[in-house]
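Trainee: I have just opened this model and I am not sure where to begin. Could you pick one residue, take me through its surroundings, and then show me how the rest of the chain is laid out?

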Amino acid sequence: MLRTLAVATVIAGCLLAGPGRADINAAFGNTVLSRYADGGWVKHWFNPDGTYAAQFSDGRRLSARWSVRGERVCLTHIRPNMLIPRFCTDMIEADVGETWQSRDPLGRRVNNVLIAGRN
């Protein structure tokens, strides 16, 4: 369960707008695909109404609410319930087609790509 939270929240932070801007429009209508070295993956979807969903390669699903707090994005109301009820992370800039590496809250490397459309 902690991996679920870790992946979901790190991607929320890695996808979103550049420093000083709370512009997450690139995420809407698109998919963030995160890949782990072990072959596992997670698909993330952000919606303009503040809802968030994730699907994991093992079939698990996660939902939450997202909001921007300054230069951070936060996930709350995470379902199924996690050990941490809220997680915030710094935002960086990414456009459709861009790839980037990040680390989840447990320190594991994640390779990400923003894919056009809902895949």
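**A close look at one residue and its chain**

Mentor: Happy to! Let us start with the chain as a whole: among its contacts with a separation of 6 or more, 45% are between residues 24 or more positions apart. Keep in mind that this is a predicted model.

The protein chain has one helix and eight strands. If you read along the sequence, the pattern is α-β-β-β-β-β-β-β-β, with the helix at the start and the strands after it.

Now zoom in on Thr31, which belongs to strand β1, spanning residues 31–35. Is Thr31 buried or exposed? Its relative accessible area is 1%, and the cut-off for buried is under 20%, so Thr31 counts as buried.

What does the side chain of Thr31 reach? One partner is the backbone nitrogen of Asn119, at 2.9 Å. Another is Trp45: the side chains of Thr31 and Trp45 are joined by a polar contact of 2.9 Å.

Next, widen the view to everything that Thr31 touches, leaving out residues up to four places away in sequence. On the list you will find Lys43, His44 and Trp45, and also Val113, Leu114 and Ile115. Gly117, Arg118 and Asn119 complete the list. Try showing these residues together with Thr31 on your screen.

From there, move to the largest nonpolar core, which has 15 residues. Those with the most contacts inside this core are Tyr52, Ala54, Leu62, Trp66, Leu75 and Ile78. The elements giving two or more residues to it are β2 (41–46), β3 (51–56), β4 (61–69) and β5 (72–79).

For a contrast, look at a charged pair. The count of salt bridges comes to one, and you can find a salt bridge where the side chains of Arg60 and Asp58 meet, at 2.7 Å from N to O. How accessible are these two residues? Arg60 has a relative accessible area of 30%, so Arg60 is partly exposed. Asp58 has 51% relative accessibility and therefore counts as exposed, since the cut-off is over 50%.

Finally, step back to the whole surface. Of the 119 residues of the protein chain, 45% count as buried. The accessible surface comes to about 6,000 Å², and carbon and sulfur atoms hold 51% of that area. When you return to Thr31, remember its two sides of the story: a buried residue, with a side chain that makes a polar contact with the side chain of Trp45.

Conventions: Residues numbered from 1 in each chain as written. Predicted model: local features only at pLDDT ≥ 70, side-chain atom pairs only at ≥ 80, totals over all residues. Heavy atoms only, no water. Helix = DSSP H or I, 4+ residues; strand = E, 2+ residues; numbered from the N terminus. Buried < 20%, exposed > 50% of the residue type's maximum accessible area, 1.4 Å probe, protein only. Polar contact = N/O pair within 3.5 Å; in protein donor to acceptor, adjacent residues only side chain to side chain. Contact = heavy atoms within 4.5 Å. Salt bridge = Lys/Arg side-chain N within 4 Å of Asp/Glu carboxyl O. Areas by Shrake-Rupley, 256 points an atom, 1.4 Å probe, with all protein chains shown as cover. Core = buried A, V, L, I, M, F, W, Y, C linked by side-chain atoms within 4.5 Å.
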